[in-house]
Amino acid sequence: MTEAAIKAMIHLLDDSDQEVVTMVEQQIRTLGPSIIPVLESEWETESLNPILQTKIENLIHDFQWQSVKTRLQLWKESGGMDLLEGMWILATYRYPDYTFEQLKVEMDQLYYEVWPQMREELHPMDQVKVLNTVLFDQLKFGPNSKNFHAANNSFINNVLSSKKGNPISLCVIYMWVAQKLGLPVYGVNLPNLFVLTYKQNGLQFYINVFNKGLIFNKIDIDNYIAQLNLTPNEIYYNPCTNLEIIRRVIRNLLMAYEKAGELEYKDELTDLIDLLD
């Protein structure tokens, strides 16, 4: 269909005949996300027609939402091997113009900041301390303590730009850099807190990224679980999957919007959780 024909259909969304509007909207939806640029262009030219603008906004959002859902489904079906890709897909839920290439460039830059200071002969704990020094002392990454429940804490592009995030988003960034450096560092799904573990050849310790990379051990987790009156479980001590990480990020995002009273996102985010379940 030509661009002129698409524009003509868009203008019919404001027709006085509701049957025409319904039929036209159904036809537009069959064209898919590829027509988003045309919709955006028409939205800009319809500043004096707020009703039509709202209808165009809803179409754009629905196309973008379906795109996120489709990509996340494909990511899951492919094994969810690339955690960074999963985080990028979630970021495009609110920032559809953010590209995976942009994310990779930003993450690679973090790696290049750490790599010259890392030494293979160092003990693993000392290697972690080097990573801590660069990320937290030199680059100033840290917890968003003032606005802990903000939705932006779950979008990796915002965390990279502000250098503030929640435990799981900071852990994802830290873990990605650590693994690119060759360190066996993985996520651990603790109740109410997400941490990392270094695990290789019988050596295992834990890293609290939300506390500037504080190193701790299994006994500390035992005590933490006891304080919460929970029964010890293997999942509290061992690495979790990328799928579990993304699922938890979405749950955090859902909680953030609920606390902010932005309930319009609830159904869509619940759909994403169900999709990953």
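**Figure 1. Lysine 140, in the loop between helix H7 (124-138) and S1.** Welcome to the first close-up of this predicted model. Lysine 140 has a phi near 70°, a positive value in a residue other than glycine. Why is that worth a look? Most residues other than glycine have a negative phi. The side of the story told by accessibility is simple: lysine 140 is exposed, with a relative accessible area of 52%.

**Figure 2. Asparagine 229, another residue with a positive phi.** Here phi is near 60°, and asparagine 229 is again a residue other than glycine. Where is asparagine 229 found? Look in the loop between helix H10 (218-227) and helix H11 (242-259). Its relative accessible area is 72%, so asparagine 229 counts as exposed.

**Figure 3. Helix H7 packs against helix H9 (residues 167-180).** The loop of the first view follows H7, so let us turn to that helix itself. The axes of H7 and H9 are 11 Å apart and meet at an angle of about 130°. At that angle the two helices are oblique to each other. For anyone checking the handedness, H7 and H9 make a right-handed crossing.

**Figure 4. Helix H4 (residues 50-77) alongside H11.** In this view the packing angle is about 155°, with 11 Å between the axes. Because angles over 145 degrees count as roughly antiparallel, H4 and H11 are given that description. The crossing in which H4 passes H11 is left-handed.

**Figure 5. Tryptophan 88 and phenylalanine 100, one of 10 aromatic pairs in the structure.** The ring centres of tryptophan 88 and phenylalanine 100 are 5.6 Å apart, and their planes stand at 50°, so this pair is tilted. Which parts of the chain does the pair tie together? Tryptophan 88 belongs to helix H5 (residues 83-91) and phenylalanine 100 to helix H6 (residues 100-114), so the linked parts are 12 residues apart in sequence. Tryptophan 88 is buried, at a relative accessible area of 14%.

**Figure 6. Phenylalanine 148 and phenylalanine 210 as an edge-to-face pair.** Centre to centre, these two rings are 5.5 Å apart, with 80° between the planes. Both partners come from loops: phenylalanine 148 from the one between strand S1 (142-143) and helix H8 (156-162), and phenylalanine 210 from the one between strand S5 (203-208) and strand S6 (214-216). The pair therefore ties together parts that are 62 residues apart in sequence. Is phenylalanine 148 buried or partly exposed? With 32% relative accessibility, phenylalanine 148 counts as partly exposed.

**Figure 7. Further company for aromatic rings: a cluster and a charge.** Trp65, Tyr93, Tyr257 and Tyr265 form one aromatic cluster. Elsewhere, a ring has a charged partner: the charged end of lysine 180 sits over the ring of tyrosine 111. What is the distance from that charged end to the ring centre? It is 5.1 Å.

**Figure 8. Tyrosine 98, in the loop between H5 and H6.** This residue brings us back to the helices of the tryptophan 88 and phenylalanine 100 pair. Tyrosine 98 has 9% relative accessibility and so counts as buried. As a gauge of span, take tyrosine 98 and isoleucine 225: their C-alpha atoms are 38 Å apart in space, while 127 residues separate them in sequence.

**Figure 9. Histidine 11, in helix H1 (residues 3-11).** Histidine 11 is partly exposed, with a relative accessible area of 37%. Between the C-alpha atoms of histidine 11 and arginine 251 there are 38 Å, and along the chain 240 residues.

**Figure 10. The stretch annotated as "domain: Protein SirB1 N-terminal".** That name comes from an unreviewed UniProt entry, where the annotation covers residues 103-251. Within these residues, 46% is helix and 18% is strand, and the end C-alpha atoms lie 22 Å apart. To place the close-ups in context, the protein has 12 helices and 6 strands. Its C-alpha trace spans about 70 × 45 × 35 Å along the principal axes. Of its 277 residues, 47% count as buried.

Conventions:
Residues are numbered from 1 along each chain as its sequence is written. This is a predicted model: local features need pLDDT of at least 70, side-chain atom pairs count only at pLDDT 80 or more; totals for chains, interfaces and linings use all residues. Side-chain values use heavy atoms; hydrogens and water are left out. UniProt positions are given in the numbering used here, feature names are shortened, and annotations may be inferred rather than shown by experiment. Helices (H or I, at least four residues) and strands (E, at least two) are DSSP runs, numbered from the N terminus. Rings of Phe, Tyr and Trp (its six-membered ring) pair if their centres lie within 6.5 Å; planes under 30 degrees apart count as stacked, over 60 as edge-to-face and the rest as tilted. Buried means under 20% relative accessible area, exposed over 50%, partly exposed in between (1.4 Å probe, protein chains only). A charge sits over a ring if NZ of Lys or CZ of Arg is within 6 Å of the ring centre and within 35 degrees of the ring normal. Axes are lines fitted to C-alpha atoms, for helices over the stretch in contact, and angles run from 0 to 180 degrees between N-to-C directions. Angles under 35 degrees count as roughly parallel, over 145 as roughly antiparallel, 65 to 115 as roughly perpendicular and the rest as oblique. A crossing is left-handed if the near helix is turned anticlockwise from the far one by less than a right angle, and right-handed if clockwise.
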